[in-house]
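Let's take a walk through this model together, starting with its pockets and then turning to its charged side chains.

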Amino acid sequence: VASLQRRRDATDAELAARIRDVDECRARFEREEQLHGGCTWNCSVRRAAPFQEARRLHEVRVETQRAELGVLEARLQEARRA
């Protein structure tokens with residue numbers, strides 16, 4: 001039970017850190033959006049937006065695949081022990 005509580009506490013701390021990261025990123029993004037809100041089509045930030053969105057989607061896919069690989073590796077390790 002104590003081991004599970006330690007894992008829960010560690011996970012809670014990691015979640016809090018991730019939430020802070022997301023909040024900081026969101027605030028930074030909103031500041032940048034305000035700076036470029038009145039830009040024309042020739043603004044480099046506006047022109048790069050489609051590339052950045054594609055990059056973000058790619059990173060999400062890569063992270064999803066990494067998580068799936070982690071699950072598969074854990075299952076493989078369990079199968080080897082059995």
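**Pockets and salt bridges**

The second largest pocket is lined by V22, C25, R26, R28 and F29. Keep in mind as you look that this is a predicted model. The space in this second largest pocket comes to about 230 Å³. Its lining divides into three nonpolar residues, two charged ones and no polar ones.

F29 is a good place to step across, for F29 is also among the residues that lie nearest the centre of the largest pocket, together with E33, A49, Q52 and E53. The largest pocket has a volume of about 550 Å³, and 16 residues line it. Two elements, α1 (2–35) and α2, each give two or more residues to this lining. Helix α2 gives the most, with nine residues. By character, the lining of the largest pocket holds eight charged, five nonpolar and three polar residues.

With those charged residues in view, we can turn to charge pairing. Side chains of opposite charge can pair when their charged atoms come close. How many salt bridges does the model have? The count comes to six, and three of them are worth following here.

Start with E53, which we have already met near the centre of the largest pocket. E53 forms a salt bridge with R56, and their closest N and O atoms are 2.7 Å apart. Why are these two separated by about one helical turn? Because E53 and R56 are three residues apart in helix α2 (residues 44–81). As for their surroundings, E53 is partly exposed, with a relative accessible area of 36%, and R56 is also partly exposed, at 41% relative accessibility.

Next, find R55 and E59. These two form a salt bridge in which the closest N and O atoms are 3.4 Å apart. Here the spacing is four residues in helix α2, so about one helical turn separates E59 and R55. Are they buried or partly exposed? E59 has a relative accessible area of 39% and is partly exposed, while R55 counts as partly exposed at 43%.

Finally, look for E63 and R66, whose side chains meet in a salt bridge with an N to O distance of 3.4 Å. Both lie in helix α2, three residues apart, which is about one turn of the helix. Their exposure makes a nice contrast: R66 counts as exposed because its relative accessibility is 54% and the cut-off for exposed is over 50%, whereas E63, with a relative accessible area of 46%, is partly exposed.

Note on methods:
Residues are numbered from 1 along each chain as its sequence is written. This is a predicted model: local features need pLDDT of at least 70, side-chain atom pairs count only at pLDDT 80 or more; totals for chains, interfaces and linings use all residues. Side-chain values use heavy atoms; hydrogens and water are left out. A salt bridge is a side-chain nitrogen of Lys or Arg within 4 Å of a carboxyl oxygen of Asp or Glu. Buried means under 20% relative accessible area, exposed over 50%, partly exposed in between (1.4 Å probe, protein chains only). On a 1 Å grid over the protein atoms alone, a cavity is a set of points where a 1.4 Å probe fits but cannot get out, and a pocket is an open set with protein on both sides within 12 Å along at least five of seven lines; lining residues have an atom within 4 Å of a point. Grid points are joined across faces, edges and corners, and a volume is the space filled by probe spheres set on the points. Ala, Val, Leu, Ile, Met, Phe, Trp, Tyr, Cys and Pro count as nonpolar, Asp, Glu, Lys and Arg as charged, and the others, Gly among them, as polar.
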